[in-house]
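Student: I would like a close look at one part of this model, namely the charged side-chain contacts. Could you take me through them with care?

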Amino acid sequence: SVATHREGLATVVALLRENRLLDDPAELAAVGHRVVHGGESFREPTLLDEGVIAAIRDKIPLAPLHNPANLAGIEVARGLFPDTPQVAVFDTAFHQTMPAAAYRYALPEYLYRDHRVRRSGFHGTSHAYVSRRAAELLGRPAEDCNLITLHLGNGASAAAVRGGRCVETSMGLTPLEGLVMGTRCGDIDPATHFYLADNLGLDNAALDELFNRKSGLTGLCGANDMREIHRRADSGDARAQLAIDVFCHRLKKYLGAYYATLGRLDAVVFTGGIGENDARVRAQTCANLEALGLRLDADANAADDATERFVSAPDSPVAILVIPTDEELEIARQALQAVRPT
């Protein structure tokens with residue numbers, strides 16, 4: 001039982017010392033912090049100072065569940081390692097290469113100019129990691145690869161990556177937009193808010209709770225663990241089957257849209273808890289996309305294998321890859337890059 005960030009990090013340090021992985025905190029090159037929302041202010045991993053911390057605090061309204069916890073971790077780590085460089089690695093940074101046509105909403109100009117209401121995207125460290133690994137597995141420079149990366153877990157997002165740079169992603173101003181998720185609804189008609197407020201008397205807090213915590217797979221069938229949903233569907237639960245169908249239908253829509261955005265596609269990458277482990281979701285998502293060059297190898301896809309691998313047929317014009325994400329390694333890599341740029 002770990003009650004606070006300070007207790008948790010102190011326990012980590014004690015375990016590192018106990019196992020002789022860290023004799024002296026001075027050995028640390030940097031401490032890397034995942035920070036969910038950096039907005040337009042941050043496009044790269046950034047050394048933390050008071051100004052950066054204030055900017056992270058300013059983004060709390062856009063990530064109220066995440067940025068406060070990220071700040072708590074930063075405060076504790078700075079206290080435990082006062083002489084070690086601290087680096088913020090932002091979930092939103094990878095998506096800052098999107099063109100304005102992709103990140104702007106069709107809203108009045110002042111909302112963007114004065115309040116930065118725009119699409120930001122999330123899961124950036126995961127998309128960055130798997131897109132780089134995909135290029136390496138394809139044996140090609142990242143600059144020559146067009147990819148669609150699908151991070152599928154309790155939170156889920158898609159990204160279109162052209163030449164190592166994100167040009168489109170599914171999450172928006174907040175992590176609520178886009179794909180169907182464990183408890184988040186993803187894309188819905190914005191007027192749904194008004195309808196529910198007018199007819200059910202729901203206020204902003206109730207709507208936030210509904211869309212972020214009681215919707216998605218949970219809203220459709222009462223469960224957010226895809227393994228449990230498959231078990232229920234196999235036993236004849238129609239709501240569970242519907243949840244799977246809605247999840248995969250939304251994925252297929254984004255996959256097709258991002259193919260059109262890229263114009264040429266070299267690989268589709270599945271990652272995250274569902275993307276890495278759920279062969280049935282991969283199969284249903286890729287079904288009937290042979291005309292787009294996606295041909296799944298049924299045996300390779302069904303294999304019980306936790307490693308990086310191709311699951312596309314040998315003659316598939318577009319590779320289909322499963323790459324276990326490693327956001328911790330990506331944060332470490334980017335933190336080191338920030339303190340040792342060369």
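Tutor: In this predicted model, a good place to begin is the pair Arg 264 and Asp 266, whose side chains meet in a salt bridge with an N to O distance of 2.5 Å. The two partners can be described by their accessibility: Arg 264 is partly exposed, with a relative accessible area of 38%, whereas Asp 266, at 12%, counts as buried because the limit for that class is under 20%. Elsewhere, salt bridges with shared partners join Glu 40, Arg 116 and Arg 118 into one network.

Within that network, Arg 118 and Glu 40 form a salt bridge in which the closest N and O atoms are 2.8 Å apart. Arg 118 lies in the loop between helix 5 (109-115) and helix 6 (124-138), while Glu 40 lies in the loop between strand 1 (31-35) and strand 2 (46-47), so this pair ties together parts that are 78 residues apart in sequence. Arg 118 is buried, at 3% relative accessibility, and Glu 40 is partly exposed, at 27%.

A further salt bridge, between the side chains of Arg 132 and Glu 330, has an N to O distance of 2.8 Å. Since Arg 132 belongs to helix 6 and Glu 330 to helix 15 (residues 327-339), the pair ties together parts that are 198 residues apart in sequence. Here Arg 132 is the partly exposed partner, at 26% relative accessibility, and Glu 330 is buried, at 0%. For context, the structure holds 22 salt bridges, among them the pairs Arg 264 with Asp 266, Arg 118 with Glu 40, and Arg 132 with Glu 330.

Definitions and conventions. Residues are numbered from 1 along each chain as its sequence is written. This is a predicted model: local features need pLDDT of at least 70, side-chain atom pairs count only at pLDDT 80 or more; totals for chains, interfaces and linings use all residues. Side-chain values use heavy atoms; hydrogens and water are left out. A salt bridge is a side-chain nitrogen of Lys or Arg within 4 Å of a carboxyl oxygen of Asp or Glu. Helices (H or I, at least four residues) and strands (E, at least two) are DSSP runs, numbered from the N terminus. Buried means under 20% relative accessible area, exposed over 50%, partly exposed in between (1.4 Å probe, protein chains only).
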